[in-house]
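I opened this notebook page to record what I looked up, entry by entry, with the sequence and the model side by side.

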Amino acid sequence: MAPIFGSGLAKGLAVTLRTMTRKSVTAQYPDAQPELPPRTRGVIGLFEENCTVCMLCARECPDWCIYIDSHKETVPPAAPGGRERSRNVLDRFAIDFSLCMYCGICIEVCPFDALFWSPEFEYAETDIHELTHERDKLREWMWTVPEPPALDPRAEEPKEFGAARKAAEKAAAQAAAEQQAAEQQAAEQQAAEQQAAEQRPGAEDGGAQQ
């Protein structure tokens with residue numbers, strides 16, 4: 001069936017009329033906070049305990065707005081006679097949000113889950129030089145990061161979870177088999193001792209004399 005001439009224009013005018021007759025509502029910010037989507041890209045929070053100073057986020061940042069400083073410390077051996085190790089200790093982690101374009105590459109490439117998106121957006125400054133926020137401020141934003149959404153029950157199980165579950169099941173089955181073998185060995189040993197005690201000549205003579 002061919003479309004009626006002017007039907008598209010009529011639908012557009014109907015939408016316009018409905019919008020014109022609808023009462024507009026203005027949110028009085030900052031008294032009324034906006035309802036942001038759960039995946040809003042506000043600022044970047046830092047969970048510095050997970051940061052290993054691998055510098056991957058700073059190298060992959062297209063704006064070069066991440067500044068990281070660190071130093072090396074010697075870690076004593078975990079066991080006597082072991083070897084000393086060196087580790088990187090984070091001294092500074094800062095992000096210049098006047099340069100950041102909120103692409104999220106740093107969050108995606110972080111292999112240790114040290115960077116997260118936070119929906120916080122109220123960090124405007126009167127001076128552009130104050131938009132470089134240090135790790136203390138980034139740490140405060142970390143606690144505003146929302147919880148991840150629940151997994152789809154119909155989704156395929158991650159390979160890591162499957163491998164961990166199989167390893168746990170294998171270890172449990174091995175422990176159960178070892179316990180069963182130990183119980184069987186103890187029962188056989190007890191039966192052998194009882195049989196040996198019954199076959200002793202002294203036990204038979206003593207029973208006959210009584």
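**Entry 1: Glu84 and its surroundings**

Leaving aside its neighbours within four places in sequence, I find Glu84 in contact with Thr74, Val75, Pro76 and Pro77. I note at the outset that I am working from a predicted model. Glu84 sits in the loop between strand E2 (66–75) and strand E3 (85–96), and at 54% relative accessibility I enter it as exposed, because the cut-off for that word is over 50%. I also looked up its separation from Pro146: the two residues are 62 apart in sequence, and their C-alpha atoms are 39 Å apart in space.

**Entry 2: Salt bridges**

I next searched for pairs of opposite charge, since side chains of this kind can pair when their charged atoms come close. The structure holds 7 salt bridges, and I followed up those that involve Glu48, Glu49, Arg135 and Arg139, which are linked in a network of salt bridges.

Arg135 forms a salt bridge with Glu48, with the closest N and O atoms 3.5 Å apart. This pair links distant parts of the chain, since Arg135 belongs to helix H4 and Glu48 to the loop between E1 and helix H2 (56–60), 87 residues apart. Both ends are partly exposed, with Arg135 at 22% relative accessibility and Glu48 at 25%.

Glu48 also forms a salt bridge with Arg139, where the closest N and O atoms are 3.9 Å apart. Here again distant parts of the chain are linked, with Glu48 in the loop between E1 and H2 and Arg139 in helix H4, 91 residues apart.

Glu49 forms a salt bridge with Arg139 as well, and for this pair I noted 2.7 Å between the closest N and O atoms. Glu49 lies in the loop between E1 and H2 and Arg139 in helix H4, so the pair ties together parts that are 90 residues apart in sequence.

**Entry 3: Helix H4 and its buried face**

Which residues of helix H4 are buried? In H4 (residues 135–142) I list Leu138, Arg139, Trp141 and Met142 as the buried residues. Seen down the axis of H4, these buried residues fall within an arc of 160°, so they line one face of the helix. I then asked what this set packs against, and found E1, E3, E4 and E5. Arg139 therefore appears twice in my notes, as a buried residue of H4 and as a member of the salt-bridge network.

**Entry 4: His133**

Is His133 buried or exposed? His133, whose place is in strand E5, has a relative accessible area of 7%, and I enter it as buried because that word covers values under 20%. Apart from neighbours within four places in sequence, its contacts are Phe93, Ala94, Ile95, Phe97, Tyr123, Glu125, Leu138 and Trp141. Among them, Leu138 and Trp141 are also on my list of buried residues in H4.

**Entry 5: Aromatic pairs and the cluster**

A pair of aromatic rings is described by the distance of the centres and the angle of the planes. Searching the whole structure gave me 7 aromatic pairs.

For Tyr29 and Phe121 I noted a tilted pair, 6.1 Å from centre to centre, with 35° between the planes. Tyr29 lies in the loop between helix H1 (7–21) and strand E1 (43–46) and Phe121 in the loop between strand E4 (115–118) and strand E5 (132–133), so the pair ties together parts that are 92 residues apart in sequence. Both rings belong to partly exposed residues, Tyr29 at 45% relative accessibility and Phe121 at 35%.

The rings of Phe97 and Tyr102 have their centres 6.3 Å apart and their planes at 25°, so I record this pair as stacked. Phe97 is buried at 5% relative accessibility, whereas Tyr102 is partly exposed at 25%. Phe97 and Tyr102 form one aromatic cluster together with Trp117, Tyr123 and Trp141.

**Entry 6: A nonpolar surface patch**

Tyr29 and Phe121 came up again when I looked at the surface, where with Leu36 they form a nonpolar patch of about 280 Å² accessible area together. Leu36 is found in the loop between H1 and E1, and with a relative accessible area of 36% this residue is partly exposed.

Terms used: Residues are numbered from 1 along each chain as its sequence is written. This is a predicted model: local features need pLDDT of at least 70, side-chain atom pairs count only at pLDDT 80 or more; totals for chains, interfaces and linings use all residues. Side-chain values use heavy atoms; hydrogens and water are left out. Rings of Phe, Tyr and Trp (its six-membered ring) pair if their centres lie within 6.5 Å; planes under 30 degrees apart count as stacked, over 60 as edge-to-face and the rest as tilted. Helices (H or I, at least four residues) and strands (E, at least two) are DSSP runs, numbered from the N terminus. Buried means under 20% relative accessible area, exposed over 50%, partly exposed in between (1.4 Å probe, protein chains only). Contact means heavy atoms within 4.5 Å. Patches are made of residues with over 30% relative accessible area and no salt bridge: like charges are joined within 9 Å, nonpolar side chains (Val, Leu, Ile, Met, Phe, Trp, Tyr) within 5 Å. Accessible areas come from the Shrake-Rupley method with a 1.4 Å probe; for residues, only the protein chains shown count as cover. A salt bridge is a side-chain nitrogen of Lys or Arg within 4 Å of a carboxyl oxygen of Asp or Glu. The arc is that of the directions from the helix axis to the C-beta atoms.
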